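Subject: Handover of the structure and notes on it

Dear colleague,

I am passing this structure on to you, together with some notes on what was found in it. Please look at the sequence and the model before reading further.

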Amino acid sequence: MTSTSSNSSYSTLSSYGWDENWADAFAPHAAEGLLPGRVVRVDRGQCDVVTADGVLRADTAFVTPHDPLRVVCTGDWVAVDPEGGNPRYVRTYLPRRTAFVRSTSSKRSEGQILAANVDHAIVAVSLAVELDLARIERFLALAWESGAQPVVVLTKADLVPDPVTLAYLVQDVETAAPGVPVLSVSAEQGEGLDVLAAVVSGGTAVLLGQSGAGKSTLANALLGEDAMDVQATRDVDGKGRHTTTTRNLLALPGGGVLIDTPGLRGVGLFDAGSGVDQVFAEIAELAEECRFHDCAHESEPGCAVLAAIDSGALPERRLESYRKLMRENQRIVAKTDARVRAEIRKEYKRRGAIGKAAMEAKRGGLR
């Protein structure tokens with residue numbers, strides 16, 4: 001590829017996130033005559049790739065390894081065949097800066113990559129139904145683990161007309177999301193969209209959430225057009241059909257790129273220990289003050305976390321949610337890591353010994 005055509009590609013693809021660092025990473029592939037592009041959609045062994053020549057259809061046969069985390073994904077920067085090939089193939093993809101991964105529902109405990117090279121992970125939560133703080137924490141753990149900056153967007157704010165009630169709801173979510181911006185928006189009335197548009201204008205954002213959370217409506221509002229189909233949600237539980245069935249990457253008119261995803265019924269953790277710690281940062285800070293460095297925060301003497309529960313400084317719900325996510329993450333990791341399995345067995349034995357000693361002491365006191 002000549003310098004002139006390279007500069008042309010840079011200019012054309014810049015609205016999709018192309019920059020000098022990507023250009024440097026692509027240089028070896030450019031020398032082979034391949035074209036740079038970004039994957040905007042993947043389905044049935046093929047993908048749509050936006051290039052300097054427009055959007056083209058390419059076969060993914062060369063980027064479909066057995067490892068599901070290494071398959072080409074929406075948001076990837078790829079090297080594709082130049083014009084003339086039929087079919088044209090994606091030959092490889094550039095190393096990812098970030099990757100949003102969840103565990104699959106299969107018993108094999110495999111990871112599934114949902115989006116690549118994301119700067120902001122927007123967790124959409126509908127105010128049409130009761131807030132599920134535990135689910136928000138779960139999404140945030142995966143978002144932090146991906147390397148992206150999470151943002152919680154409370155949609156359908158027009159359904160909460162009382163500003164005091166809305167403020168309390170925002171505060172509840174902020175408590176469950178330390179270090180995360182929490183925005184309330186109404187796509188129907190256009191409230192809060194300018195703030196969200198400013199947040200996502202500087203990079204690539206992925207929209208995440210359950211069906212009925214208002215993701216497609218939010219995407220349309222940011223795009224300024226009805227690019228995504230929208231369906232009504234059920235009154236009984238606020239859920240809807242999967243309006244979006246594939247992950248689509250779309251350039252925003254005000255700058256930035258948006259990846260809309262299907263509604264996620266299950267959000268399983270996948271090796272997201274550091275993400276969980278980030279979500280529960282206050283527990284991690286308290287744990288540093290515990291008497292024992294391996295304190296499990298259950299019954300150990302000198303536990304700063306339990307002391308915070310007793311004083312009311314830490315909500316018990318937060319600790320229970322933290323324990324649940326950590327246990328789930330340990331199980332996933334243990335299925336592929338023998339060392340972790342051994343550590344978990346050791347921990348179970350230690351806790352059993354503590355419980356046995358406590359029971360013996362109790363019996364001795366009753367004599």
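The notes below go from the whole chain to the two sheets, and then to the helices and the aromatic rings.

This is a predicted model, in which local features need pLDDT of at least 70 and side-chain atom pairs count only at pLDDT 80 or more, while totals for chains, interfaces and linings use all residues. Residues are numbered from 1 along each chain as its sequence is written, and side-chain values use heavy atoms, with hydrogens and water left out.

The protein has 11 helices and 13 strands, which are DSSP runs numbered from the N terminus (H or I and at least four residues for helices, E and at least two for strands). Of its 367 residues, 45% are buried, where buried means under 20% relative accessible area, exposed over 50%, and partly exposed in between (1.4 Å probe, protein chains only). Among the contacts with a separation of 6 or more, 65% are between residues 24 or more positions apart, a contact being heavy atoms within 4.5 Å.

One sheet is open and has five strands in the order 3-2-1-4-5, with antiparallel pairing; two strands pair if DSSP finds at least two bridges between them. Strand 3 and strand 5 are at the edges with a single partner strand each, so one side of each has no neighbour in the sheet. On average, neighbouring strands of this sheet are turned by 45° against each other, direction ignored, with axes that are lines fitted to C-alpha atoms (for helices over the stretch in contact) and angles that run from 0 to 180 degrees between N-to-C directions.

Within this sheet, strand 1 (residues 35-43) and strand 2 run antiparallel and are joined by six bridges, and Val39 has Val49 in strand 2 as its bridge partner. The hairpin of strand 1 and strand 2 has two residues between the strands, and Arg44 takes a positive phi near 55° there. Strand 2 also pairs with strand 3 (residues 54-59) in the antiparallel sense, over six bridges, with Val49 opposite Leu56, and a hairpin of two residues joins strand 2 to strand 3. Because five of the six residues of strand 2 (residues 46-51) are buried, this strand is largely enclosed by the rest of the structure. Strand 4 and strand 5 pair in the antiparallel sense over three bridges, and Val78 has Tyr93 in strand 5 as its bridge partner. Helix 2 (residues 20-31) lies across strand 1, strand 4 and strand 5, and runs at about 25° to strand 4.

Another open sheet has six strands in the order 10-9-8-11-13-12, with mixed pairing. Its edge strands, strand 10 (182-184) and strand 12 (248-251), each pair on one side only, and neighbouring strands here are turned by 25° against each other on average, direction ignored. Strand 9 (residues 149-155) and strand 10 pair in the parallel sense over three bridges, and Leu154 stands opposite Ser184 in strand 10. Helix 3 (residues 133-146) lies across strand 8 (120-126), strand 9 and strand 11 (204-208), running at about 150° to strand 9.

Helix 4 (residues 163-176) has 14 residues and reaches 20 Å from its first C-alpha to its last, close to the 20 Å expected at 1.5 Å a residue, the expected span being 1.5 Å times one less than the number of residues. Its buried residues are Leu166, Val170, Val173 and Ala176. Seen down the axis of helix 4, these buried residues fall within an arc of 120°, so they line one face of the helix; the arc is that of the directions from the helix axis to the C-beta atoms.

Finally, the aromatic rings: rings of Phe, Tyr and Trp (its six-membered ring) pair if their centres lie within 6.5 Å, with planes under 30 degrees apart counted as stacked, over 60 as edge-to-face and the rest as tilted. By this rule there are five aromatic pairs. The rings of Phe62 and Tyr89 have centres 5.0 Å apart and planes at 75°, so this pair is edge-to-face. Phe62 is partly exposed at 49% relative accessibility, and Tyr89 is partly exposed at 22%. Phe280 and Tyr322 also form an edge-to-face pair, 5.5 Å centre to centre with 70° between the planes, and both Phe280 and Tyr322 are buried.

With kind regards
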